[in-house]
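Here are some short exercises to work through with the structure in view. Try each task yourself before you read its solution.

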Amino acid sequence: MSEDRRRGRPRDPAVDRAVLRETLALLDSGGYERLRVADVAARAGVGLGALYRRWPTKYALVVDALRAAPPSREAAPTGDPAEDLVTALAEFSAQLARHGALLAVLLTDPGSEVAAAVREAKIRPVHETARRHLRRALGPVPDLRSRAATGPALILQHLLLHGTPPGEPQIREHILPLMTAPGP
């Protein structure tokens, strides 16, 4: 037997998937601070020892769960890129309403690996989607990147100021015009 081969049974990928899925569900419902590894193990139907053999810390578990999360489903594009942009931003806003506790790590520990994973899994995808829709709507404008960042930023700002993210009417009336206004 080679030295690099582990003893015992091979790990079951279904166990990994179940643990990561339950970690995301608990993160979404209670945030990082309220997440307990024992609760993840119980909900995934695995022993605590098996979970800790795979992920030695809660932190490592959360980072892997966020990175393994499937991307949000994007609505099928229509013939109207501005309407597609509103739909994408409204979906992001709805996700914030459901999973806002997860984003708290961006404020409490922005340099952490967990915050980086949140940005990678939750923030960057909406920015890229906004950029694609804006490119379809406006063409190759020089400030496309900044315009694309404006929508998600204003949604986050609304959440911080008002305690809730904006709804679709607010996105359509206030955010979309700022993103699509003619340049100087």
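**Exercise 1.** Decide whether A97 is buried or exposed.

*Solution.* Start with the cut-offs: buried means under 20% relative accessible area, exposed over 50%, and partly exposed in between, with a 1.4 Å probe and protein chains only. A97 has a relative accessible area of 56%, so A97 is exposed. Next, place the residue: A97 sits in helix α5, where a helix is a DSSP run of H or I with at least four residues, a strand is a run of E with at least two, and both are numbered from the N terminus. Finally, look across to P166: A97 and P166 lie 69 residues apart in sequence but 9.2 Å apart in space, C-alpha to C-alpha.

A note before going on: this is a predicted model, in which local features need pLDDT of at least 70, side-chain atom pairs count only at pLDDT 80 or more, and totals for chains, interfaces and linings use all residues. Residues are numbered from 1 along each chain as its sequence is written, and side-chain values use heavy atoms, with hydrogens and water left out.

**Exercise 2.** Describe the secondary structure and the extent of the chain.

*Solution.* Count the elements: there are eight helices and zero strands. Then take the box along the principal axes, which for the C-alpha atoms is roughly 70 × 40 × 30 Å. Last, of the 184 residues in the chain, 40% count as buried.

**Exercise 3.** Find the largest nonpolar core and the helices that supply it.

*Solution.* Recall the term: a nonpolar core is a set of buried Ala, Val, Leu, Ile, Met, Phe, Trp, Tyr and Cys residues joined through side-chain atoms within 4.5 Å. The largest one here has 48 residues, and V19, L51, L66, V114 and V118 have the most contacts inside it. At least two residues each come from α1, α2, α4, α5, α6, α7 and α8. The largest share, 10 residues, is supplied by α5. In soluble globular proteins, nonpolar side chains tend to be buried together.

Now pick out V114. Contact means heavy atoms within 4.5 Å. Setting aside neighbours within four places in sequence, V114 touches Y32, Y59, V62, V63, L66 and V105.

**Exercise 4.** Where does α8 kink, and which of its residues are buried?

*Solution.* Use the bend at a residue, the angle between axes fitted to the seven residues ending there and the seven starting there. In α8 a kink of about 30 degrees lies at H174, shortly before the proline P177. The buried residues of α8 are I171, I175, L176 and M179.
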